[in-house]
Amino acid sequence: MIKCTVDGVDKDGKPIHWTWVGKFDGKPYQIKGSPSFDTLTYKPVKDRTNKTTARKAGKVVMTGTITVAKDGKSRVVTLTGTDANGQKFTNTTYYDKQQ
């Protein structure tokens, strides 16, 4: 099992905190603390690329691709979906590994 913890700030400056414990096996696992989705699925598609799907009440609300650089020092996350207000979004985020 893998544990993922997210701490941050949303677009309105409010704190975000949620946790996910699961496997990268394409099956949905519960998220605790997220108002946007109930389950999250990760599925490997290549050596350094995973697909992710988030659901709220069984409905897909977000899909994405996570690609880790060959050197393992960065990753790009591209997400598309519908927010809590019904607005469609696309978001690409670049992450650097902290030492």
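This tour visits a pocket and then a salt bridge in a predicted model.

**The pocket**

Begin by selecting I16, W18, F37, M62 and L79. Among the residues that line the largest pocket, these five lie nearest its centre. The volume of this pocket is about 1600 Å³, and its lining comprises 43 residues in total.

Next, colour the lining by residue class. Nonpolar residues number 22, while 10 are polar and 11 are charged.

Then display the strands that contribute to the lining. Select strand 1 (2–9), which provides eight residues, the largest share. Add strand 2 (15–22), strand 4 (39–46) and strand 5 (49–56), followed by strand 6 (59–68), strand 7 (74–82) and strand 8 (88–96); each of these, like strand 1, supplies at least two lining residues.

**The salt bridge**

Leave the pocket view and select K56 and D38. Their side chains form a salt bridge, with a distance of 3.7 Å from N to O; the structure holds one such interaction. Follow the chain between the two partners: K56 belongs to strand 5, whereas D38 sits in the loop between strand 3 (29–32) and strand 4. The pair is 18 residues apart and thus links distant parts of the chain.

Finally, show the surface around this pair. Are K56 and D38 buried, partly exposed or exposed? K56 has a relative accessible area of 33% and is therefore partly exposed, since values between 20% and 50% fall in that class. D38, with a relative accessible area of 31%, is likewise partly exposed.

Notes
Residues numbered from 1 in each chain as written. Predicted model: local features only at pLDDT ≥ 70, side-chain atom pairs only at ≥ 80, totals over all residues. Heavy atoms only, no water. 1 Å grid on protein atoms, 1.4 Å probe; cavity = no way out; pocket = protein on both sides within 12 Å on 5 of 7 lines; lining within 4 Å. Points joined across faces, edges and corners; volume = space filled by probe spheres on them. Helix = DSSP H or I, 4+ residues; strand = E, 2+ residues; numbered from the N terminus. Nonpolar A, V, L, I, M, F, W, Y, C, P; charged D, E, K, R; others polar. Salt bridge = Lys/Arg side-chain N within 4 Å of Asp/Glu carboxyl O. Buried < 20%, exposed > 50% of the residue type's maximum accessible area, 1.4 Å probe, protein only.
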